[in-house]
Structures are given as structure tokens and as C-alpha cells.
Amino acid sequence: MSKIVVLMGAPGAGKGTQARLLQERRGLPQISTGDMFRTLAKAETPLAEEVRAVQSAGKLISDELVIRVVEERTSQDDCRRGYILDGFPRTTVQATMLENIAIEQGHKIQAVLVDVPFELLEKRATGRLSCPVCGEIYNIYFKPPIKEGFCDAHPDAPLTHRTDDTSAKIKVRLETYEQQTRPLLDYYSGSHRLSRVEGTRDLKVVYEDIEKIVTGDV
Ligand code: AP5
Ligand code: MG
């Protein structure tokens, strides 16, 4: 049966990094609600302005809007063999909706927690830079680009820093995670659908563990 891989973890844990590797190596589309809303937020519309404000405050976008976006995206053809969710679900309402989506689409849900202690997360997020062209994720401490401030694959593209990656915003995002998203770990482990990987190790080693879980080799 095809799978929906739900990558879970606190802000900065490495969900995006691992989802991109899974997409590249296993051919499963990465569906990052954070990235989708960052793209949407670039428009000059009232909705974009609202999304910008919520994201940069480190709060959650309404369940209703997020669910609509996920339903639409996952109904596309490239998702028929399964897909990776990065940053969704984040609330119990979203998790319940995902059960319905999975049944309708005929997929099984496999949640994977990328586990990183809180003290490491701030450095990961404040040090993060991303390429505006390809979305590659760098880190000034842990994964610096070859040329400082520029993407390895797009040397003319200056890397960007997310507006929600300041120490103060990260604190809010971590609180939001604790209150609204962490309870989902019990939800998935209670139904034997959660695997945990130690996310403090080298990102390639973390990936190897995730790949084994996703391919059913454990
Ligand atoms: P989102 O974009 O999902 O942000 P997040 O959950 O806070 O997670 P991050 O993207 O910060 O971290 P990550 O786990 O992807 O880590 P990464 O791989 O980049 O959401 C942003 C906002 O959008 C939310 O606050 C909310 O407003 C809204 N939103 C999104 N989804 C929503 C939903 N479902 N409902 C409601 N609102 C929603 O890695 C971090 C850094 O660490 C990088 O620099 C990377 O290079 C480095 N790194 C990664 N792995 C390693 C490693 N193993 N060793 C060393 N460094 C590493
Ligand atoms: Mg991310």
C-alpha cells in the first residue's frame, strides 16, 4: 500500500532537510505547508497579508485554510504513489482530516519524528539560510554553502533568512509546537504509526534511518 509519510518534529528539527532528500532519492513529492504558505504570502492580496502576519508571528494558520490547501495539493497526480508531508498535521483537527484524506486516497499513514532537544533548535533555526531559487536549506553553523551567502547550485542567488527565524519568534514557535503539535505524537504512537529517529546526528545518517522506515526495512 502506498504511504503518506508524515515528518514530525519541532521547528528547526530537520523536517524540510529530510523531506527534500526523500523527494530527491525516493521520488516522493515533498509537501511543505510552510513553504506553500511562504509562497502564497508573497502576493499583494488581503489573504497574503494575513498569512504573512501569522507566519511571521510564529502562530498557526487556520485549520480550515491549511486543510483546503493540503486537500487540493495532494489530489494532484504526482501524489498517487504517496507523498511526504512536512509541517502537516499540526493540530488534532488537521490530524483527523488527514485520516479522511488517507482513506479517500487509499494511502497508509506513517509518522516519523525527527527528535532534537530544544537547546539545539534555536541555533539550527537562527543559522538557517535558504535558496530562493531551488529551496535548498543551508546553515551557517552546520551546513555552510561553498561561497558564503550564496547557493551552491545558484551562485547568483543570495541566500535568504526567514522572518520567523529570530530568537524571539523561535520561542513562540516552540511554545506553539508544545501546545498544539506535540500531542499528535501520542496520537500516532497510540495507533503504532510513529517511528522516532535521533535527529542530532549528521543529516545523512538521519536520512538513512528515515529511508529504512519509509521503505519498510526495519
Ligand atoms: P514551517 O515552515 O513548517 O516551519 P517549522 O515547523 O517551524 O519548521 P522549520 O521549517 O523551521 O524547521 P525544519 O524542521 O523544516 O528544519 P530544516 O530542515 O529547515 O512552518 C512555518 C509557519 O507556517 C508556521 O509557524 C505557521 O505559521 C505556518 N504553517 C505551516 N504549516 C502549518 C500548518 N500545518 N498549520 C498551521 N500553520 C502552518 O532545518 C533547520 C536547520 O537545521 C537548517 O539550517 C538545516 O540546514 C539544519 N539541519 C537540519 N538537519 C540537520 C542535522 N542533522 N544536523 C545539523 N544541522 C541540521
Ligand atoms: Mg521546514
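**Exercise 1. Asp165 and Arg128**

Task: In this predicted model, determine whether Asp165 and Arg128 are buried or exposed, and state what joins their side chains.

Solution.
Step 1. Asp165 and Arg128 are both buried.
Step 2. Their side chains meet in a salt bridge, with an N to O distance of 2.9 Å.
Step 3. This pair links distant parts of the chain, 37 residues apart: Asp165 sits in the loop between strand 6 and helix 7, and Arg128 in strand 5, residues 128–130.
Step 4. As a general point, side chains of opposite charge can pair when their charged atoms come close.

**Exercise 2. Further salt bridges**

Task: State how many salt bridges a search of the whole structure finds, then classify the partners in the Glu136–Lys143 bridge and the Glu198–Arg196 bridge by accessibility.

Solution.
Step 1. The search of the whole structure returns 15 salt bridges.
Step 2. In one of the bridges, the side chains of Glu136 and Lys143 meet at 2.4 Å, N to O.
Step 3. Glu136 has a relative accessible area of 22%, so Glu136 is partly exposed. Lys143, at 26% relative accessibility, also counts as partly exposed. The class applies because partly exposed covers the range between under 20% (buried) and over 50% (exposed).
Step 4. Glu198 forms a salt bridge with Arg196, and the closest N and O atoms are 2.9 Å apart.
Step 5. Glu198 is partly exposed with a relative accessible area of 28%, and Arg196 is partly exposed with 48%.
Step 6. Salt bridges with shared partners join Arg128, Arg162, Asp164, Asp165 and Arg173 into one network.

**Exercise 3. The surroundings of ligand 1**

Task: Describe the shell around ligand 1: how many residues surround the ligand, and which are the closest?

Solution.
Step 1. Ligand 1 is surrounded by 33 residues, and the closest are Thr17, Lys59, Arg90, Arg128 and Arg173.
Step 2. By class, the shell residues divide into eleven nonpolar, eleven polar and eleven charged.
Step 3. Next come the atom pairs. A polar side-chain atom of Arg90 lies 2.6 Å from an oxygen atom of ligand 1. A backbone N or O atom of Gly12 lies 2.8 Å from an oxygen atom of the ligand. For Leu203, a backbone N or O atom is 3.5 Å from a nitrogen atom of ligand 1.
Step 4. Taken alone, ligand 1 exposes 1000 Å², and the protein buries 97% of that area.
Step 5. The elements giving two or more residues to the shell are helix 1 (15–26), helix 2 (33–40) and strand 6 (137–139).

**Exercise 4. The loop between strand 6 and helix 7**

Task: Place Ile140 and His154 in the chain, and give the accessibility class of Ile140 and of His154.

Solution.
Step 1. Ile140 lies in the loop between strand 6 and helix 7 (167–181), and His154 lies in the loop between strand 6 and helix 7 as well.
Step 2. Ile140 has a relative accessible area of 47% and is therefore partly exposed.
Step 3. Ile140, Tyr141 and Phe142 form a nonpolar patch on the surface, with about 310 Å² of accessible area together.
Step 4. His154 counts as partly exposed because its relative accessibility is 27%.
Step 5. Between the C-alpha atoms of His154 and Cys131 there are 7.9 Å, with the two residues 23 apart in sequence.

**Exercise 5. Backbone geometry**

Task: Identify the form of the peptide bond from Phe88 to Pro89 and the sign of phi at His192.

Solution.
Step 1. The general background is that most residues other than glycine have a negative phi, and most peptide bonds are trans.
Step 2. The bond from Phe88 to Pro89 is cis, with omega near 0 degrees. Pro89 belongs to the loop between strand 3 (82–86) and helix 5 (92–105).
Step 3. His192 has phi near 55 degrees, a positive value in a residue other than glycine.
Step 4. His192 is in the loop between helix 8 (183–190) and strand 7 (194–198). With a relative accessible area of 74%, His192 is exposed.

**Exercise 6. Leu7 and Ser62**

Task: Give the element and the accessibility class of Leu7, then of Ser62.

Solution.
Step 1. Leu7 is in strand 1, residues 3–8, and counts as buried at 2% relative accessibility.
Step 2. Ser62 is in the loop between helix 3 (46–57) and helix 4 (63–74). Ser62 is partly exposed, with a relative accessible area of 40%.

How values were computed. Residues numbered from 1 in each chain as written. Chains lettered and ligands numbered in written order. Predicted model: local features only at pLDDT ≥ 70, side-chain atom pairs only at ≥ 80, totals over all residues. Heavy atoms only, no water. Near = heavy atom within 4 Å. Polar contact = N/O pair within 3.5 Å; in protein donor to acceptor, adjacent residues only side chain to side chain. Areas by Shrake-Rupley, 256 points an atom, 1.4 Å probe, with all protein chains shown as cover. Helix = DSSP H or I, 4+ residues; strand = E, 2+ residues; numbered from the N terminus. Nonpolar A, V, L, I, M, F, W, Y, C, P; charged D, E, K, R; others polar. Patch = residues over 30% accessible without salt bridge, like charges linked within 9 Å, V, L, I, M, F, W, Y side chains within 5 Å. Salt bridge = Lys/Arg side-chain N within 4 Å of Asp/Glu carboxyl O. Buried < 20%, exposed > 50% of the residue type's maximum accessible area, 1.4 Å probe, protein only.
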